Every structure is written in C-alpha cells, then in structure tokens.
Protein chains: 2
Amino acid sequence: MSLSKPYVVGIDIGGTNTAYGIVDTRGNVVAGGSIKTPKHVEFKDYVEQLHLAVTRLIEQEGLVGQIAGIGVGAPNANFYTGRIESPANLFWMDNGKRIENIPFADTLKEKFGIPVAITNDANAAAVGEMTYGAARGMKDFIMITLGTGVGSGIVVNGQLLYGHDGFAGELGHVTMRRNNGRMCGCGRTGCLEAYASATGVARTAREYLETRKDASLLRNLPLDDITSKDVYEAAVAGDELAREVFEFTGNILGEAFADFIAFSSPKAIILFGGLTKAGELLMRPLRESLDRNVMPIFRGKAQVILSELKEGDAAVLGASALGWEAK
Amino acid sequence: MSLSKPYVVGIDIGGTNTAYGIVDTRGNVVAGGSIKTPKHVEFKDYVEQLHLAVTRLIEQEGLVGQIAGIGVGAPNANFYTGRIESPANLFWMDNGKRIENIPFADTLKEKFGIPVAITNDANAAAVGEMTYGAARGMKDFIMITLGTGVGSGIVVNGQLLYGHDGFAGELGHVTMRRNNGRMCGCGRTGCLEAYASATGVARTAREYLETRKDASLLRNLPLDDITSKDVYEAAVAGDELAREVFEFTGNILGEAFADFIAFSSPKAIILFGGLTKAGELLMRPLRESLDRNVMPIFRGKAQVILSELKEGDAAVLGASALGWEAK
C-alpha cells in the first residue's frame, strides 16, 4: 500500500447498478455512489458517465492525487486480459455494434490515468475478505457466494487462483447430481448452482410442493412466484416443508464442500450472499453434511464461516482491495 | 539451481522398495540403486542403511560436496512439517514402539548434512513433470497418478498446492457416485479411486462378469485373481466386455476432470502410472467424456496428456526435483 496515495476506488458492476466507493487503508468506505449500468447503450458513454461520477466524488472528498488504484469486480471479468468476456447480462455497443469482449481495465486506466485491476465478482469478494474481513491472515480459503447463482473465489498460498486462462473457480458448476440433474443456466445439468443458489432454493420448494401432499404455509402463495425469501420466512415461522428445503440445500452444499476440501484443503470456507441470511437453518445441515462426507484426514479442519463484510459495502470493498495491487 | 553443486539426490519411498538416484540439472539419473524398505523395523537402522547406500553412491560417482539437496517422495509425507504422517504401509519402530509421525526430513538432514525436502509421491511426480517432463513451462496443471490408487499433485501459479495443512490434492477421494457408491479404502463410498485405479478396473471387470451373461476371455480366469493387466490384455485381444471396462473407467475420469477444471482451470491434466499403459483404450472414452461434461467456457482448453517421464526413473526424478529447492 502506498503511503503517499492512501486511498483506492472500488467499482462493482452489476446488470442493474454500477456501485463505486472510495476506500481507505482500513477498509472504510469514505464515500460512495452509483449509476445505472444499462442507461447508456454505447460503451464509451457509460465510461464517460462513470468517469465523471467517480471524479466528482474524488474532488468532493478532496482526494485528488491520493488514489493508488482502481479495482473493478464484474461478471465474467478476466484478471489476465483486463476484459469482460462475453457477459450474459451486460450489453454494450461500440457505434451500434455489440462488444463481445470489453477491454474494461485498459479503457478505465486511460480515462483516469490511475492503475486499474479487474476480476470477477466472487474473486473480488475473496480479496475483500482477505484484506478486510473474515479471511485476514489466511493464505488458503475458499469464498462461496450464495446469491442468484453460486460463485466462488479460491485463494491458495495467499494468491487468487486464476488458472491458466483467468477463469478458475467456477465451483457453482461442479456436478452434484449425475442422474436426472436439474437444468443449469450454463447449459449442463446437475450443477451445484441449480440447487444451492437462491433460485435453487425456490426450485426445491416448488418441487416439494408439487410432489408432496403435506400442509405448508408456502401453499398460500402462487407456485411460480415463490422466492427463497418466502421459503426462509416460512421456515422461521416453523413450516416443516420449508425447513426441509434448507436441510436439502445445506446437505448438498456439505457434499460439495467435502470435495472442495479434498482439492485445496482450505483453512476456511467463507459464505457470502443473500442465502446466508438463513443462518442456522442452512448452516446446521451444511456442517452436519460436511462432517459426514469429508475425508477422514480433513475432518474438523476447515471451518465454514460467514463473511464479515457489511453486505451493502462488500462488493465495492472487495473490488477496491484489488486497487492496492493494480499496475 | 546452484552451479557449484550441480546434482541432487532423489529418494522414492514405497512400501516394498526405497529407490534413490543422483540427478543432474538436465534430469538425467546419473546413478541409482535401491534398498528394501521393510528390512529394518527400527527407523534408525533404516536411516543408517539408506545413508550408507546413498553416501557410497555419491563417493563412487566422485560427487562428494556436489549435492545441492535431497528430495524425498513418500506416501502421506507433509512438505510443511517434513514428516511422514501415520502412513498405512510404512511401519517403523523407535526402540520397539511404533512411530506414528516420522520426522523424516529432519532426520535425513542431520544425517547427511545436506538440505532435505519431502512431499507425497503424487506431488513429487508433479514437480518432476514440471522440471523435466510434459509440464515444462506450465504454471497451472494437475498431475493424476493412476496406479493401485489414484493420487494427485496440483500446481497453480507455478507452485504446488499444499493447502493450509500440507494435505491438499486428494483428488482420488472426490465423490463420483453418491448412491450405492463402491467402498473406498479411505472409509467412505463412491470415491474416484474406487473406480479409476488399477484396483478399480479389476473391480469393474468382476462386476461385469458377475452381473452379465456375455462371453469374455476374462471368464477363463479365476474371478478373484483378475487384475487390470488381465483386463488390458483381453481388451487388446478384442474382448468386448474388457473394452467396456475401459469405456466405463474413461467415462468416470472424464466426469471427474470436468469438475477439476471448474476448480483450477489447468492448462493440462497429466496422467502417470500403470493404468495409462491402456493408451487409447482409456484415453478416447476419457476425452469424449470430458468434452461432454466440461463447462462450455472450458471446452477444448485443458489438454489431457501422458507423462513424459520414463517410468522406471519417474519416481526418483520427481523426488529429486524437490532437492533443488530444499533448505
């Protein structure tokens, strides 16, 4: 970390919002804001607006010349190439033609005149956790984000695992069910993400409601509208079927984590994302399943813990942590 | 690599033999030998004999003072602690009492007065492949040893993945069949090793012979005596059932490799060990299964290739490569 430039900027790009913030060496977001990601169809207009917004914030805080780097977290972002590669939910044009392979880091670096590093959102979360959160001091851990999908960031020997092409850490897409597995958004079947995401929880609930006869508070809702939040609220209200949905989800996560531990033997697996709000409803069956499934030599070694980053700040914080190392 | 000390010693410890060799900077085994591992029950007697044998070899080659380090590959060896931890098939005593946790690296270092590094046999094979074999120049690859069991050594960012406790890389024990999986030596069921090892191939053949009615050359052998070599020979002779055994084995390896790639996105998966002699009988179904099962963004990226190390030398070479970094 540079003492003469004691701040970084974190930018988290989602399909709806682009959030940004200025972060100090202790991980405090000293100021932040956001713009609508899809407002501009032309990529250069989007960059123009983002540059203007972030520059104004820096000026407003009196921090011109004190920013060491900019870190960006975005879906499908590649640390090695600095590009966002064929994103499913980001749609930008270059003079009316869709850009498949967006040179994000270089474009921003040129615009700001500040070093920029970019990686995918789950990797950014892992760096954030290592720099400011539950993974401080850990050299080997796995970050699992349980949101709409299941993302992962893997840290080994104190470094993010990028793999030979920059795309390592797709743990949402290990195959958990090889027969009659659920369809996954990636085009395959049986992926962890199809079961253990917020979407997966809602799918499990719908399956239970359709194939079982027992009473459930969830039967008061239109089947297709049920969300993981509904399942959580029913479970908290004591609904047995809803509780079993979390048992099933925790069980499959424990099975998956047992295999992850056989791979990289992490000190901890850290969970982040909306689904972790289910707390012990999810964590108890998860830990029990992990204990049942993990190889004896690893039993009791890797802790499964929750992220220590504030949810509102986490994405920006995680991205910003990359800024310290940006070149 | 030290120019003043341009040789290393590699020691490969198996349950039956301890092989050793002196290796030059180009990966030539300039001289070698072996002793019987279980000849001495007392650990200090074994070390004494090993020290004598290796010292004589060094003297005989006129290389006294020219050995930069000693690298050791052994089952359950831990790079971090320098110990061989609770080995299943190594049995040594200290004054008549079994040693559970053998301080191998320290003992050898004291005896020889040369730096010693130790790791498990699959990790040693990975280092050997990176230093002298098919993985030269690769920073991200996975070594899979297909022998009596299934071992693995994982290299990321050019470094062996040891995990927080030194035991990472147990890829023979990811769960491939979650229902009615085969019993595995680790105490669990459905592990890759129970299917894709030499032992697993023989088990598959026995299952087919017991549950099917079709003719097979293997029916001429006593069921319990069938080995993977018998299955290979029958397959080469055109036996359909034997060929299907390799189809099944290749298929399950392809399924497993698809998940490994989602984890660390290696440039290559390198196969080593007796089972690889099956060649295309195994490799074709393996590659086809990998293509079917791998996530689209990784399709066609990771090559599955065979080790380039000579089989007789490989274990010693792999171990010796560690010697260059020993401290």
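The following exchange goes through several labels applied to this predicted model and the values behind them.

User: What makes Ser265(A) count as buried?

Analyst: The label rests on a count of neighbours: Ser265(A) has 24 C-beta neighbours inside 10 Å, and the cut-off for a buried residue is 20 or more, so Ser265(A) falls in that class. Ser265(A) is found in the loop between helix H7 (240-264) and strand E14 (268-272) of chain A.

User: Why is Asn180(B) called exposed?

Analyst: Asn180(B) has 7 other C-beta atoms within 10 Å, and a residue is exposed if the count is 12 or fewer, so the label exposed applies to Asn180(B). Asn180(B) lies in the loop between strand E13 (159-160) and helix H4 (193-196) of chain B.

User: What is noted about phi in Ser265(A), and what about phi in Asn180(B)?

Analyst: Phi is near 40 degrees in Ser265(A), a positive value in a residue other than glycine, and phi of Asn180(B), likewise a residue other than glycine, is positive at near 55 degrees. As background, most residues other than glycine have a negative phi.

User: Why are strands E3 and E10 of chain A said to stand at the edges?

Analyst: The open sheet has five strands in the order E3-E2-E1-E4-E10 (chain A), with mixed pairing. Strand E3 (29-36) and strand E10 (116-119) of chain A each have a single partner strand, so one side of each is left without a neighbour in the sheet. From one strand to the next, the twist averages 15 degrees.

User: How do you know that strand E2 of chain A pairs with E3(A)?

Analyst: At least two bridges are required for two strands to pair, and strand E2 (residues 17-24) of chain A and E3(A) have seven, in the antiparallel sense, so the requirement is met. One of the bridge partners in E3(A) is Gly32(A), which is matched with Gly21(A).

User: Which strands does helix H3 of chain A touch as it packs on the sheet?

Analyst: Helix H3 (residues 121-132) of chain A touches strand E1 (7-13), E4 and E10 of chain A, and its direction makes about 135 degrees with that of E4(A).

User: How many residues of chain B are in contact with chain A, and what kinds of residue make up that side?

Analyst: In chain B, 33 residues are in contact with 34 residues of chain A. Helix H7 (residues 240-264) of chain B supplies the largest share of the chain B side, six residues, and that side divides into 14 nonpolar, ten polar and nine charged residues.

Definitions and conventions: Residues are numbered from 1 along each chain as its sequence is written. Chains are lettered from A and ligands numbered from 1 in the order in which they are written. This is a predicted model: local features need pLDDT of at least 70, side-chain atom pairs count only at pLDDT 80 or more; totals for chains, interfaces and linings use all residues. Helices (H or I, at least four residues) and strands (E, at least two) are DSSP runs, numbered from the N terminus. Axes are lines fitted to C-alpha atoms, for helices over the stretch in contact, and angles run from 0 to 180 degrees between N-to-C directions. Two residues are in contact if their C-beta atoms, placed from the backbone, lie within 7 Å. Ala, Val, Leu, Ile, Met, Phe, Trp, Tyr, Cys and Pro count as nonpolar, Asp, Glu, Lys and Arg as charged, and the others, Gly among them, as polar.
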